[in-house]
Amino acid sequence: MRYVSTRGRAPVVPLSDTLRAGLAPDGGLYVPAELPKLAIERFDDGSDLAGTAERLLEPFFEEDELRSDLRQIVEEAFDFEAPLRALGEQTYVLELFHGPTAAFKDFGARFLAACMVRLRAESERPLTILVATSGDTGAAVAAAFHRKPGIRVVILYPEDRVSPRQAHQLGCFGHNITTLKVRGSFDDCQRLVKQALGDEDLQARVDLSSANSISLGRLLPQMAYYAHAALAVHRSTGKRLNFAIPTGNLGNGLAALLARAVNIPVGRVTLATNANDVLAVWAATDEYSARESVATVANAMDVGAPSNFERLLWLVAINPDARRWIEAVSVDDESIRSTIRRHHNASDEIYCPHTATAVHVHDLLRESGDTEPLAVVSTAHPAKFESIVEPLCGRNVEIPPALAELLARTSSADSLEPSYAALRRRLLEAR
Ligand SMILES: *Cc1c(COP(=O)(O)O)cnc(C)c1O
């Protein structure tokens with residue numbers, strides 16, 4: 001399999017080169033040169049999640065230097081499950097928060113880490129991975145690369161704009177992980193990272209890379225849990241499984257659409273966003289205009305210009321049918337809060353604010369008479385967002401063991417002025 005840029009002005013490359021580069025040299029995003037059509041029978045033996053991931057990803061690794069490592073890579077990355085829990089006749093919750101940092105980003109981050117460690121094995125200089133985070137990405141990347149040889153991670157997060165538990169998680173790793181709290185906003189953090197990645201003089205002295213959600217090393221593995229869930233439902237009912245997916249940068253939602261495009265029995269994909277509604281507007285009108293993001297209670301989805309949107313347009317261009325698989329709904333904070341409260345009162349279920357956007361979509365579909373099999377995608381454990389959910393539910397949320405283990409460690413972060421000179425100095429000092 002070969003990969004091209006969404007902007008069509010970059011050389012055709014194998015998968016490993018896209019992982020090394022992140023962004024394509026023409027500024028576009030890497031996508032497969034053509035999409036395989038997989039026979040469903042390929043998955044007939046009903047293996048575990050790692051097995052499904054291997055079968056699904058084989059064609060994407062064809063002719064790549066990592067091909068012979070794929071089995072080990074999926075075993076390292078998918079060493080926890082993504083259970084599809086039945087809630088009623090036709091309703092399921094796909095729980096993606098059973099990894100080390102209790103959010104779905106653990107899957108992509110761990111897969112990328114397993115690939116990068118192998119690609120760097122022969123390098124003499126350490127690789128520095130820079131991450132700007134509004135909360136969940138930084139912790140998932142830190143956990144995935146923690147103590148990996150030849151790699152260090154530098155995390156930048158906006159001081160005072162992440163939850164106390166998120167801040168604790170970000171600073172609790174140590175060793176090869178450096179955590180910097182920036183006196184500024186998430187946009188400041190992102191700007192500093194971009195500046196470093198574009199600084200040729202710095203790059204000559206420090207090997208730099210990033211780990212954001214445009215990397216195929218994060219996007220491709222996310223197809224696996226959709227495939228695993230949809231194949232299980234298809235095996236028992238013969239029907240396609242629809243998904244409602246909490247969406248920000250569109251990485252997770254796009255993975256579901258890609259799974260459908262390669263012939264997995266996924267049905268309709270409803271993208272659930274918070275008040276940042278550019279995707280809902282696009283889905284309703286075909287008009288797209290990026291905006292400044294607004295702050296919401298589902299903060300990991302506060303995105304005004306989804307970074308994977310270019311890939312959505314690519315998919316619709318190569319496969320016009322795809323346009324009919326996609327819906328999008330914007331959910332405001334008031335509806336997020338009332339959904340959390342109502343479901344807790346009715347059934348004792350507690351959802352994180354992001355998951356609640358998809359639960360709201362579920363409620364709308366059922367009210368409108370839809371009876372098709374539907375999986376609500378749960379992207380984080382509610383204990384990560386206790387300051388929002390506990391007052392709504394009037395009780396404490398139990399902390400899952402992996403998260404409790406991180407919260408029991410000591411945590412520290414160094415302060416960083418929001419200036420590029422300060423970041424540059426740090427990166428050169430700690431080489
Ligand atoms: C990152 C994140 C999202 C949004 O995922 P995208 O791939 O950016 O659309 C949703 N929920 C949680 C909990 C997240 O951390």
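Two strands pair if DSSP finds at least two bridges between them. Helices (H or I, at least four residues) and strands (E, at least two) are themselves DSSP runs, numbered from the N terminus.

The structure is a predicted model, in which local features need pLDDT of at least 70, side-chain atom pairs count only at pLDDT 80 or more, and totals for chains, interfaces and linings use all residues. Residues are numbered from 1 along each chain as its sequence is written, and side-chain values use heavy atoms, with hydrogens and water left out.

**Exercise 1. The six-stranded sheet**

Task: State in which sense strand S4 and strand S12 pair, and describe the sheet that holds them.

Solution:
- Step 1. Strand S4 (residues 91–95) is joined to strand S12 (residues 374–378) by five bridges, in the parallel sense.
- Step 2. Within this pair, Val-93 has Val-376 of S12 as its bridge partner.
- Step 3. The open sheet has six strands in the order S3-S4-S12-S9-S10-S11, and the pairing is mixed.
- Step 4. The edges are strand S3 (84–86) and strand S11 (326–330); each has a single partner strand, so one side of each is left without a neighbour in the sheet.
- Step 5. From one strand to the next, the twist averages 25 degrees.

**Exercise 2. Helices on the sheet**

Task: Identify the strands touched by helix H11 and by helix H15. Contact means heavy atoms within 4.5 Å. Axes are lines fitted to C-alpha atoms, for helices over the stretch in contact, and angles run from 0 to 180 degrees between N-to-C directions.

Solution:
- Step 1. In the sheet where S4 and S12 pair over five bridges, helix H11 (residues 251–261) packs against strand S9 (241–246), strand S10 (266–273), S11 and S12. The direction of H11 makes about 170 degrees with that of S10.
- Step 2. Helix H15 (residues 353–367) also packs on the sheet and touches S4, S9, S10, S11 and S12. Its direction makes about 165 degrees with that of S12.

**Exercise 3. Two helix crossings**

Task: Classify the crossing of H3 with H4 and that of H14 with H15. Angles under 35 degrees count as roughly parallel, over 145 as roughly antiparallel, 65 to 115 as roughly perpendicular and the rest as oblique.

Solution:
- Step 1. Helix H3 (residues 70–77) and helix H4 (residues 105–119) have axes that come within 8 Å and cross at roughly 140 degrees. H3 is therefore oblique to H4.
- Step 2. On the H3 side, the contact is made by Leu-70, Gln-72, Ile-73, Val-74, Glu-76 and Ala-77; on the H4 side, by Phe-107, Arg-110, Phe-111, Ala-114, Cys-115 and Arg-118.
- Step 3. Sorted by class, the contact of H3 with H4 has eight nonpolar, one polar and three charged residues. Here Ala, Val, Leu, Ile, Met, Phe, Trp, Tyr, Cys and Pro count as nonpolar, Asp, Glu, Lys and Arg as charged, and the others, Gly among them, as polar.
- Step 4. The axes of helix H14 (residues 333–347) and H15 come within 9 Å and cross at roughly 80 degrees. H14 is therefore roughly perpendicular to H15.
- Step 5. The contact of H14 with H15 divides into five nonpolar, five polar and two charged residues.

**Exercise 4. A covered strand**

Task: Determine how the residues of strand S6 are directed and whether they are buried or exposed. Buried means under 20% relative accessible area, exposed over 50%, partly exposed in between (1.4 Å probe, protein chains only).

Solution:
- Step 1. In a regular strand the side chains alternate between the two faces of the sheet.
- Step 2. Ile-151, Val-153, Ile-155 and Tyr-157 point one way from S6, while Arg-152, Val-154, Leu-156 and Pro-158 point the other way.
- Step 3. Eight of the eight residues of S6 (residues 151–158) are buried.
- Step 4. S6 runs parallel to strand S5 (residues 127–132), to which six bridges join it. Ala-132 stands opposite Leu-156 in S6.

**Exercise 5. Residues in loops**

Task: Locate Glu-63 and Asp-26, and state how accessible each is.

Solution:
- Step 1. Glu-63 is in the loop between helix H2 (49–61) and H3. Its relative accessible area is 63%, so Glu-63 is exposed.
- Step 2. Most residues other than glycine have a negative phi. Glu-63, although not a glycine, has a positive phi of about 65 degrees.
- Step 3. Asp-26 lies in the loop between helix H1 (15–21) and strand S2 (30–32). At 15% relative accessibility, Asp-26 is counted as buried.
- Step 4. Neighbours within four places in sequence aside, Asp-26 is in contact with Ser-5, Arg-7, Gly-8, Arg-9 and Ala-10.
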